[in-house]
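Work through the following exercises with the sequence and the model at hand. Each one sets a task and then gives a solution in steps.

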Amino acid sequence: MMSKPPVENTNGAPMNVPSQEAITYECSILRQRRIMRRRIKLRLRSLCKDERQRKSIPRMAAKLEVVLFNGAISLEEYTDLSTLNSRLQMISNCLKTFKKPQSQGRLKPQE
């Protein structure tokens, strides 16, 4: 039994194969994300004094980069260095809000 030939898109390539432009664009975005992760690491290194904190910088930078990337409306907004500090500070403030000690939110038992 012969299989059907794959459906082709307008440029003659099979539908499941991305175009060269799409591949180039994705590579460009990945490159920008690596650059941004390095910049975040540099900012974190300047803030972290403790050796234990320094060991967690790569993981923290990766997580912060994902938040920045997913929260940006455009690639230009994401790569804007003039707002990087304020965006990182905004993330930090949000984390502090959600990471309040549990004892603050609990009610005291009645006597």
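**Exercise 1.** Which residue lies over the face of Phe69?

*Solution.* Before starting, note that this is a predicted model, in which local features need pLDDT of at least 70 and side-chain atom pairs count only at pLDDT 80 or more, while totals for chains, interfaces and linings use all residues. Residues are numbered from 1 along each chain as its sequence is written, and side-chain values use heavy atoms, with hydrogens and water left out. The rule to apply is that a charge sits over a ring if NZ of Lys or CZ of Arg is within 6 Å of the ring centre and within 35 degrees of the ring normal. The residue that lies over the face of Phe69 is Arg33, at 3.9 Å from the ring centre.

**Exercise 2.** Find the aromatic pair of the structure and classify its geometry.

*Solution.* Rings of Phe, Tyr and Trp (its six-membered ring) pair if their centres lie within 6.5 Å, and planes under 30 degrees apart count as stacked, over 60 as edge-to-face and the rest as tilted. The structure holds one such pair. Phe69 and Tyr78 form this pair, with 5.2 Å from centre to centre and 90 degrees between the planes, and it is edge-to-face.
For the surroundings of the two rings, buried means under 20% relative accessible area, exposed over 50%, and partly exposed in between (1.4 Å probe, protein chains only). Phe69, with a relative accessible area of 25%, is therefore partly exposed, whereas Tyr78, at 1%, counts as buried.

**Exercise 3.** Which residues are linked in a network of salt bridges?

*Solution.* A salt bridge is a side-chain nitrogen of Lys or Arg within 4 Å of a carboxyl oxygen of Asp or Glu, and by this rule the count comes to two.
In one of them, the side chains of Arg33 and Glu65 meet at 2.6 Å, N to O. Arg33 lies in helix α1 (residues 20-47) and Glu65 in helix α3 (residues 57-71), so this pair ties together parts that are 32 residues apart in sequence.
Glu65 also forms a salt bridge with Arg37, where the closest N and O atoms are 3.3 Å apart. This pair, too, links distant parts of the chain, with Glu65 in helix α3 and Arg37 in helix α1, 28 residues apart.
The network therefore consists of Arg33, Arg37 and Glu65.
Both Arg33 and Glu65 are buried, the latter at 0% relative accessibility, while Arg37 is partly exposed, with a relative accessible area of 26%.

**Exercise 4.** Describe the largest pocket by its volume and its lining.

*Solution.* On a 1 Å grid over the protein atoms alone, a pocket is an open set of points where a 1.4 Å probe fits, with protein on both sides within 12 Å along at least five of seven lines, and lining residues have an atom within 4 Å of a point. The volume, which is the space filled by probe spheres set on the points, is about 740 Å³ for the largest pocket.
Of the 18 residues that line this pocket, the closest to its centre are Leu44, Met60, Leu64, Ser92 and Leu95.
Helices are DSSP runs (H or I, at least four residues), numbered from the N terminus; α1, α3 and α5 (84-98) each supply at least two residues of the lining, and the largest share, seven residues, comes from α5.
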